[in-house]
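Subject: Structure for you to look at

Hi there,

Here is the structure I promised to pass on. Please open it alongside this note.

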Amino acid sequence: MSVATPPIALSLPPQPPARQPDGPMLLTGIRWQTYEALLADIGESHIRLTFDRGKLEIMVHSFGHDVTAEWIGNLVEILAEEGNIPHLNAGSTTFQREDLERGLEPDKCFYFANESRVRGRKKIDLTSDPPPDLAIEVDVTSSSLNRMGIYAALKVPEVWRWRDGTLTVYRLQADGTYAIVQASPLFPTIPLAGLAEFVKQVNEVDQLTLKRAFRTWVRQQSA
């Protein structure tokens, strides 16, 4: 009489938690040369690399994140046009300093006061060129690194941070830290609460209609 063989119990390793679309991956003990090689290999993509003294964060942005970032960039363009302010939209350029072992890509960034100094440049060297006058951060999922600390080390004068429906403006202080301000010195007549409402509406109204409404609103604030 044959005896049934009992089933073999397999011990499977636990599965890693699923990462969210905007969830960051953090690596430690990474050399600067490795960071630069990855930047060269990745090129123009939706992958964002943040480096802070041996720590490398890799993040893939979602559709919703990029729509919001691009829209805030559109609003800044309109503000500059309506204010007759010369500017340069530098997109999500990688800014880095090997001597500081720090580097990142803003979601969007702009030159204003320093526009003429970087006009026509093919590459920015922060040891001799100025950083952008404004950087924009859209926080869908929080970074595992201190990106504001990196911005401060790179001496970016102003950072706009969009998180949970709120727009916060940070200005770099003389002591090298950021302070929250109630209005952007770049656009002092523009109420942040009103600007935030136009950011929120990008998910509700088509952008052509919103651009027209925003221009009208900006002119009213400046009248």
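Below is what turned up in the sheet, the helix across it and the largest pocket. Please keep in mind that this is a predicted model.

Let me start with the sheet. It is open and built from five strands, in the order β1-β3-β2-β6-β5, with antiparallel pairing. The edges are taken by β1 (25-27) and β5 (95-97); each has a single partner strand, so one side of each is left without a neighbour in the sheet. From one strand to the next, the twist averages 15°.

Further in, strand β2 (residues 47-52) runs antiparallel to strand β6 (residues 102-104), and two bridges join them. If you want a spot to zoom in on, Phe51 stands opposite Gly103 in β6.

Helix α1 (residues 32-42) lies across β2, β3 (55-60), β5 and β6. Its direction is at about 165° to that of β2.

Now for the part you may like best: the largest pocket, with a volume of about 460 Å³. Its lining consists of 21 residues, and those nearest the centre are Thr93, Thr94, Lys123, Ile124 and Asp125. At least two lining residues come from each of α1, β4 (88-91) and β5. The edge strand β5 gives the largest share, three residues. Sorted by class, the lining has eight charged, eight nonpolar and five polar residues.

Happy to talk it through whenever suits you.

Best wishes

Definitions and conventions
Residues numbered from 1 in each chain as written. Predicted model: local features only at pLDDT ≥ 70, side-chain atom pairs only at ≥ 80, totals over all residues. Heavy atoms only, no water. Pairing = 2+ DSSP bridges. Helix = DSSP H or I, 4+ residues; strand = E, 2+ residues; numbered from the N terminus. Axes fitted to C-alpha atoms, helices over the stretch in contact; angles between N-to-C directions. Contact = heavy atoms within 4.5 Å. 1 Å grid on protein atoms, 1.4 Å probe; cavity = no way out; pocket = protein on both sides within 12 Å on 5 of 7 lines; lining within 4 Å. Points joined across faces, edges and corners; volume = space filled by probe spheres on them. Nonpolar A, V, L, I, M, F, W, Y, C, P; charged D, E, K, R; others polar.
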